[in-house]
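Dear colleague,

I am handing over the structure below for your files. A short account of what was found in it follows.

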Amino acid sequence: MKRIAVLSSGGDCPGLNPAIRAVVRSAISYGFEVWGVRRGYEGLINDDFEELDARSVGGIIGHGGTFLMTARSKRFLEEHYRTEALRNLHRRGIDALVVIGGNGSLTGAAVFSKKFPLVGIPGSIDNDVYGTDMAIGVDTALNTVLDAIDKIRDTASSHQRAFLVETMGRESGYLALASGLGGGAEAILIPEKEMSMEEVADLMHMAYEEGKSHFLAVVAEGWKPGTAALANYLRERQNYVEFKIRVTVLGHVQRGGVPSAFDRLLATRMGARAVEFVREGKFGQMVGLQGGKLVAVPLEKVASERKKLNLEYYYIARRMEQYCLSGAECG
Ligand code: F6P
């Protein structure tokens with residue numbers, strides 16, 4: 001009989017509950033005992049565990065957030081606290097740990113997996129985890145952003161205004177790019193692709209002159225010099241850009257909400273596969289999605305490599321925006 005612990009760590013995202021549920025139910029189906037760790041790595045350090053049965057995860061498949069709660073643990077970066085965590089796991093007779101989280105959490109998992117049998121699952125709205133096409137939570141966040149963009153366009157068109165819509169994503173432009181393409185934005189500003197404020201002003205001016213009723217720029221939070229600086233720049237050139245400028249920072253609304261069908265399925269598949277990894281003794285690995293298939297990705301690679309944004313979406317978007325003829329780079 002094996003004893004497995006599961007935790008969610010770092011920023012929450014939609015799909016954590018279905019992933020935990022899948023780990024718990026899969027493990028129980030193999031006759032394993034499952035323990036939930038509250039507040040991520042903080043719970044490991046504080047010895048905050050609760051035993052879970054199949055009923056503990058009943059009715060949560062459609063809930064956002066994480067019923068185990070989560071935390072960004074600074075203490076886990078210190079060896080002293082990791083030793084404390086290790087001691088708690090050994091004292092409780094835990095054989096394996098499943099960690100669900102984003103880049104920071106999986107980097108911590110890579111370090112900890114040198115000392116303890118561990119399997120990782122990618123969960124982050126940023127879609128910046130190396131080795132997986134999609135992380136849990138990305139699809140739901142993307143749908144949330146799209147819903148916001150559609151609504152903002154209604155008000156933008158009614159007033160003939162330009163909106164800068166800022167998405168989350170840390171250093172990754174994925175959410176901005178995918179939502180910009182799917183939402184038909186007039187401009188997409190991401191850290192991976194340079195675009196000057198002057199160029200944005202030109203695009204806005206051209207759009208107004210063409211008689212467009214709105215201008216939507218989706219701005220990734222990691223884009224420099226940033227949304228506020230761009231808004232100031234454009235407002236100072238009001239006569240040229242013509243559109244009145246408004247800014248909407250979507251913020252944490254992107255992290256909450258009912259997980260989409262895609263995220264529920266991905267979370268359930270990944271949770272179940274993580275338990276298979278435990279059964280097979282495949283430790284120090286993350287469950288990744290590559291070309292529709294679940295694969296094992298070494299946590300060490302996840303921690304050391306940077307995921308590259310696929311710019312195919314970017315060039316298609318530029319064509320959709322119809323700016324290639326004006327000299328804009330379209331791939
Ligand atoms: O990593 C997820 C994320 O939402 C990022 O997109 C964002 O930059 C960050 O977390 C915000 O973190 P916090 O919720 O701790 O403010």
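The ligand occupies the largest pocket. Please note that this is a predicted model, and that every value in this message is computed from it.

The ligand lies between two domains, because domain 1 (3-137 + 259-304) and domain 2 (139-255) both contribute residues to the shell around it. That shell consists of Arg-72, Ile-125, Asp-126, Met-168, Gly-169, Arg-170, Glu-221, His-252 and Arg-255. Sorted by class, five residues of the shell are charged, two are polar and two are nonpolar.

Three side chains of the shell deserve a separate mention for their polar contacts with the ligand. In Glu-221, an N or O atom of the side chain is 2.5 Å from an oxygen atom of the ligand. For Asp-126, the corresponding distance from a side-chain N or O atom to a ligand oxygen atom is 2.6 Å. Arg-72 has a polar side-chain atom 2.9 Å from an oxygen atom of the ligand. On its own, the ligand has 400 Å² of accessible area, and the protein covers 74% of this.

Two points concern the backbone. The first is the peptide bond from Lys-224 to Pro-225, which is cis, with omega near 15°. Pro-225 belongs to the loop between strand 8 (215-220) and helix 8 (227-236). The second is Arg-39, which is not a glycine and yet has a positive phi of about 60°. The loop that holds Arg-39 runs between strand 2 (33-37) and helix 2 (40-46).

With kind regards

Conventions
Residues numbered from 1 in each chain as written. Predicted model: local features only at pLDDT ≥ 70, side-chain atom pairs only at ≥ 80, totals over all residues. Heavy atoms only, no water. Near = heavy atom within 4 Å. Polar contact = N/O pair within 3.5 Å; in protein donor to acceptor, adjacent residues only side chain to side chain. Areas by Shrake-Rupley, 256 points an atom, 1.4 Å probe, with all protein chains shown as cover. 1 Å grid on protein atoms, 1.4 Å probe; cavity = no way out; pocket = protein on both sides within 12 Å on 5 of 7 lines; lining within 4 Å. Sits in = over half its atoms within 2 Å of the grid points. Nonpolar A, V, L, I, M, F, W, Y, C, P; charged D, E, K, R; others polar. Domains from an automatic or database assignment. Helix = DSSP H or I, 4+ residues; strand = E, 2+ residues; numbered from the N terminus.
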